[in-house]
Amino acid sequence: MAEPTANEGQSLTRNQGAVLSALKGADKPLTAYDILGLPKIRKAGLKAPLTIYRALDKLMDQGLVHRIESLNAFVHCDHGPHDHATGFLICSDCGRTLEVHLDDCEDHLAGRAREQGFAVDAVKVEMTGRCPDCAAAEAARSRTS
Ligand SMILES: [Zn+2]
Ligand SMILES: [Zn+2]
């Protein structure tokens, strides 16, 4: 078994640390197979998808990583762990994602569910569109055409 190492006050195994640093170094969400394909992950000795998934599960338990359901991909949470609901803004052009807090929105959505007698476990919101850079690039394109 890998020796646990201290990382940001959390106790992470070597595998979890390697996966977390891969996500930290990425500018867009990564799937487990994206992570597996990274040279530094190979170099760290991680070779099986199951190993990656196991590390991701633990990192999600600790609130250090979020899963983007619609992409089946993962992002590092730079302000975790937190218990508030999060939404993701997903750029369909460049693939970048931004995490936003949805405290009020969560109350609102969960309230609608409660009216139906539905017990809510989690609220997940994913919005697709264009990030500021891509929106600006598109605006520039439409000006010149
Ligand atoms: Zn977060
Ligand atoms: Zn973009």
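Q: Which element of the chain has the lowest mean pLDDT, and which the highest?
A: This is a predicted model, in which local features need pLDDT of at least 70 and side-chain atom pairs count only at pLDDT 80 or more, while totals for chains, interfaces and linings use all residues. Residues are numbered from 1 along each chain as its sequence is written, and chains are lettered from A and ligands numbered from 1 in the order in which they are written. With pLDDT being the predictor's confidence in each residue, from 0 to 100, and with strands (E, at least two residues) and helices (H or I, at least four) taken as DSSP runs numbered from the N terminus, the lowest mean, 44, belongs to strand 1 (residues 5-7) and the highest, 97, to helix 2 (residues 32-36).

Q: Over which residues does pLDDT stay under 50?
A: For the chain, the mean pLDDT is 89, and 92% of residues reach 70 or more. The stretch under 50 has 13 contacts (C-beta atoms, placed from the backbone, within 7 Å) beyond four places in sequence, and it covers residues 1-8.

Q: Which residues does L23 touch?
A: L23 is among the residues with the most contacts inside the largest nonpolar core, together with V19 and V65. Leaving out residues up to four places away in sequence, the residues that L23 touches are L30, V65, F74, V75 and H76.

Q: How far apart do the C-alpha centres of domain 1 and domain 2 lie?
A: The bounds, from an automatic or database domain assignment, are 1-79 for domain 1 and 83-145 for domain 2. Their contact takes 10 residues from domain 1 and 9 residues from domain 2, and the C-alpha centres lie apart by 23 Å.

Methods: Core = buried A, V, L, I, M, F, W, Y, C linked by C-beta atoms within 7 Å. Buried ≥ 20, exposed ≤ 12 C-beta atoms within 10 Å, placed from the backbone. Contact = placed C-beta atoms within 7 Å.
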